[in-house]
Amino acid sequence: MPSAHINPQQVKIALHDAVDIGKETGSNPVFPYVGVTLAPDGIQAYGRSQYAVGWSFSSGLLTADHSNTVLIEHDEAKELGMAVGKTSAAKDATVWVEITDDHRLIVAYGNDEIADLPSIEPEPGDIEGINEDVAILDQAGTTPRTQFAMGLETIKRFTKVRGKSPYMDLQFTDIGNTTFVKIGDGFIGGFEAIDRPSVQDPMLFD
C-alpha cells in the first residue's frame, strides 16, 4: 500500500481545497466525501458537488484505484488539514502519510500520530468516478464562445482554491457546457457553464 513523506502545508491545501469544492448542505449531496489518493511522490484530494468538481494535488494528477485511495468525510478532511497545517510551516518539513492494507489513512509527524482514519466503504463507481471525471475533461476539445454565465456559488468555490496563481484559467469545451478550470500548478477542475442566449441587460455592455 502507498506511503510518502509530504510537506504538511501541501497536505493541508489539498484537503481543504477538496472540501471547499465538494461540501454541500442538505440531505442529498452529490459526493459526500473527499477522495484522498496517495503515491510515493505526492497526495491528491478530490471533491465533487452539484456546482463543481476539482482535484488538488501536490505533485501531479494521480490515477485513483481501490488500493491507493480512501474516502473520508468532509469534516474529517477539514480537521485533518488543520491539524497537519499546525505541525510546521518549514519548506523542508514532512509528515508521514500512509494508506494501509485495511484502507486506513495514517498521518504522523515524527513520532506523533496525527490521524488514523478508516475509509468510508465506497459505493460502486465512487472510485472509478474520480478518474472518469478527469477523462471527460481530458478528452474535451475547445470551442469559441462569446458569452456564458457562471453561478455565484460556483465562483465562490473556485475562488477559495489555494493555488499559487493570481489567475483562474478557463477553457470552454465542446462537451455540452463543460468548462475546464486550472489554478496554479496544483489544481484542476470543471463546472457546467450556464448557456444563456443573451446577456441579462445589454445596456451594460454598450
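This short talk goes through the pockets, the aromatic pairs and the nonpolar cores of the structure shown above, which is a predicted model.

Let me start with the pockets. The largest pocket has a volume of about 440 Å³, and its lining is made up of 19 residues, with Gln10, Ile13, Phe57, Ser58 and Lys164 lying nearest the centre. If we ask which elements supply at least two residues of that lining, they are helix H1, covering 8–22, and strand S4, covering 53–57. Of the contributions to this lining, that of H1 is the most, at five residues. Sorted by class, the lining of the largest pocket holds eight polar, six nonpolar and five charged residues.

The second largest pocket comes to about 230 Å³ in volume, and 13 residues line it, the closest to its centre being Ala52, Val53, Gly190, Phe191 and Glu192. Here helix H3, residues 126–139, and strand S11, residues 187–192, each give at least two residues to the lining. The classes in this second lining are six nonpolar, four polar and three charged.

Now to the aromatic rings, of which the structure holds seven pairs. One of them joins Tyr46 and Trp55, whose ring centres are 5.4 Å apart and whose planes stand at 45 degrees, so that the pair counts as tilted, given that planes from 30 to 60 degrees apart are classed that way. Tyr46 counts as buried because its relative accessibility is 0%, and Trp55, also buried, has a relative accessibility of 0%.

A further tilted pair is formed by Phe148 and Phe191, at 6.4 Å centre to centre and with 35 degrees between the planes. What does this pair tie together? Phe148 lies in the loop between H3 and helix H4, the latter covering 152–159, while Phe191 belongs to strand S11, and the pair therefore links parts that are 43 residues apart in sequence. With regard to exposure, Phe148 is partly exposed, at a relative accessible area of 27%, whereas Phe191 is buried at 4% relative accessibility. Both rings belong to a cluster in which ring pairs link Phe148, Phe158, Phe172, Phe187 and Phe191.

It is worth staying with Phe148 a little longer. Once residues up to four places away in sequence are set aside, Phe148 touches Leu170, Phe172, Phe191, Ala193 and Ile194. Lys164, which I named among the residues nearest the centre of the largest pocket, is 16 residues from Phe148 in sequence, and the C-alpha to C-alpha separation of the two is 26 Å.

Finally, the nonpolar cores. The largest one has 24 residues, and within it Val34, Val97 and Leu105 have the most contacts. H1 provides the largest share of this core, five residues, and we have already met H1 as the element that gives the most to the lining of the largest pocket. For Val97, leaving out neighbours within four places in sequence, the contacts are Pro2, Ser3, Ala4, Ile6, Val11, Leu38, Ile43, Leu105, Ile106 and Val107. Another core, of 14 residues, lies apart from the largest one and has Tyr46, Val53, Ala64 and Val134 among its members. Two of these names came up earlier: Tyr46 as a partner of Trp55 in an aromatic pair, and Val53 as one of the residues closest to the centre of the second largest pocket.

Terms used. Residues numbered from 1 in each chain as written. Predicted model: local features only at pLDDT ≥ 70, side-chain atom pairs only at ≥ 80, totals over all residues. Heavy atoms only, no water. 1 Å grid on protein atoms, 1.4 Å probe; cavity = no way out; pocket = protein on both sides within 12 Å on 5 of 7 lines; lining within 4 Å. Points joined across faces, edges and corners; volume = space filled by probe spheres on them. Helix = DSSP H or I, 4+ residues; strand = E, 2+ residues; numbered from the N terminus. Nonpolar A, V, L, I, M, F, W, Y, C, P; charged D, E, K, R; others polar. Phe/Tyr/Trp six-rings, centres within 6.5 Å; stacked < 30°, edge-to-face > 60°. Buried < 20%, exposed > 50% of the residue type's maximum accessible area, 1.4 Å probe, protein only. Core = buried A, V, L, I, M, F, W, Y, C linked by side-chain atoms within 4.5 Å. Contact = heavy atoms within 4.5 Å.
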